[in-house]
Amino acid sequence: PPTGSTVISCAGKHVYPGANLVSVAAGAPAGTTFCIHQGTYSVSQAVIVQDGDRFIGVYQSLPRPIVKTTSARMVFNAAGSNRALIQDLRIEGAVGDQSCQPNCGRGISGGYNLTVANVRLTLNKNQAIGGTGGGLLVKDSEIDHNGSAPFAQQTNLETAAGIKSANPMNIQNSYIHDNYWAGVWCDDNCGTMRVQGSRLINNGKAGIHTEISVGPQIISGNTIQGNGHFESWSLEAGVLINSVRDVDVYNNTFGGNLDHGIRVVEDSRWPVTGDVSIHDNTMNGNLLNGCSISGVSCFNNR
């Protein structure tokens, strides 16, 4: 992901530090482009995202414009919106606890066909991005240090993640690291998922966790290292595949993941694990488990 300086030309409604971003967004019609100039924008409630809105940071060198909170349960609330864009911003600080999960502690919440590009999402108590509808695209972004103990209590209500969705998503060229629980989590039949060309490093439970879903899902060209060091879980891995059909995992580089680089599990939930292909990965000493499960094929891993 880009880490150096950039120059952005933005044609739209220009917003400068000192403005109330929540009010500015609420007072504009759907489909507005907001050109958010470098500085810090503190919000006490979520910025509401409407259909076709474009929130674009304007800066010539880092840091990106910062939208943060110390009190709101979400920073951007895109629920019900379609085809919005959030780009070139830093988003942080969403709060919450178990009583409001999963719909709190989110940097970005909701949205259909939402695009998140060159955004850093950090220090949100539950999820950087969660609750999205289908069509989520995350690219060239940094997702780090999201999630906390209240959202990762093992009560079958755990929700902490860098990105968690129960709908299709596409993650490209992003750096997803040091999230308390999962880096990327496909849950509850999220369906089509792609995670490609990304680095998933030092996430607590798994770099990528996909479960109870039918793809196609592609996990390829990633560096997946140092994940799974959360101390009290029994299924740590770089990639954890649990009761999923139609997954292709290839050309990834593993190393330093706790217990397993890749772990495939069949636990009798729908659907029965099958059509899983794991091949041409560089394991760097990490274990690969689950190849003996019917419908799982492993070859050319080294």
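**Note on the predicted model: a threonine contact, strand pairing, salt bridges and disulfides**

1. In this predicted model, the side chain of threonine 32 places a polar atom 2.7 Å from the backbone oxygen of proline 29. Threonine 32 belongs to the loop that runs between helix H1 (21-26) and strand S2 (33-37). Its relative accessible area is 12%, and threonine 32 is therefore classed as buried.

2. Beyond its sequence neighbours up to four places away, threonine 32 is in contact with Lys13, Gly52, Asp53 and Arg54. Two of the elements concerned can be placed directly: strand S1 spans 13-15, and strand S5 comprises residues 54-58. The loop residue threonine 32 thus deserves to be read together with the strand pairing described next.

3. Strand S5 (residues 54-58) is mostly covered, with four of its five residues buried. S5 pairs with S2 in the parallel sense, over five bridges. S5 also runs parallel to strand S8 (residues 85-87), to which three bridges join it.

4. Which residues stand opposite phenylalanine 55 in these pairings? On the S2 side, phenylalanine 34 faces phenylalanine 55 of S5. In S8, the bridge partner of phenylalanine 55 is isoleucine 86.

5. Strand S2 also carries one end of a disulfide, formed by cysteine 10 and cysteine 35 with their sulfur atoms 2.0 Å apart. The torsion about this S-S bond is about -80°, so the disulfide is left-handed. The link connects distant parts of the chain, since cysteine 10 lies in the segment before strand S1 (13-15) and cysteine 35 in strand S2, 25 residues apart. Both ends are buried: cysteine 10 has a relative accessibility of 12%, and cysteine 35 has a relative accessible area of 0%.

6. The structure holds four disulfides in total. When the bonded cysteines of the protein are numbered in sequence order, the pairing reads 1-2, 3-4, 5-6, 7-8. Besides the link of cysteine 10 and cysteine 35, two further disulfides are described here, namely those of cysteine 186 with cysteine 190 and of cysteine 291 with cysteine 298.

7. In the disulfide of cysteine 186 and cysteine 190, the sulfur atoms are 2.0 Å apart. The link is left-handed, with -100° about the S-S bond. Cysteine 186 and cysteine 190 are both buried.

8. Are the cysteines of the 291-298 disulfide buried or partly exposed? Cysteine 291 is partly exposed, at 29% relative accessible area, and cysteine 298 is likewise partly exposed, at 26% relative accessibility. Their sulfur atoms lie 2.1 Å apart. A torsion of about -95° about the S-S bond makes this disulfide left-handed.

9. Turning to charged side chains, a search of the whole structure finds seven salt bridges. One of them joins lysine 68 and glutamate 92, with an N to O distance of 3.9 Å. Because lysine 68 lies in strand S6 (residues 66-68) and glutamate 92 in strand S9 (residues 90-92), the pair ties together parts that are 24 residues apart in sequence. The salt-bridge criterion sets its limit at 4 Å, and the reviewer may wish to bear this in mind when reading the 3.9 Å value.

10. Glutamate 92 also meets arginine 90 in a salt bridge, at 2.5 Å from N to O. Lys68, Arg90 and Glu92 are accordingly linked in a network of salt bridges. Within this network, glutamate 92 is buried, with a relative accessible area of 10%. Lysine 68, at 28% relative accessibility, counts as partly exposed, and arginine 90, with a relative accessible area of 21%, is partly exposed as well.

11. Another of the salt bridges involves aspartate 267 and arginine 269, whose closest N and O atoms are 3.0 Å apart. Both residues are partly exposed: the relative accessibility is 33% for aspartate 267 and 31% for arginine 269.

Note on methods
Residues are numbered from 1 along each chain as its sequence is written. This is a predicted model: local features need pLDDT of at least 70, side-chain atom pairs count only at pLDDT 80 or more; totals for chains, interfaces and linings use all residues. Side-chain values use heavy atoms; hydrogens and water are left out. Buried means under 20% relative accessible area, exposed over 50%, partly exposed in between (1.4 Å probe, protein chains only). A polar contact is a pair of N or O atoms within 3.5 Å; within protein, one must be able to donate a hydrogen and the other to accept it, and residues adjacent in sequence count only if both atoms are side-chain atoms. Contact means heavy atoms within 4.5 Å. Two strands pair if DSSP finds at least two bridges between them. A disulfide is a pair of cysteine sulfur atoms within 2.5 Å.
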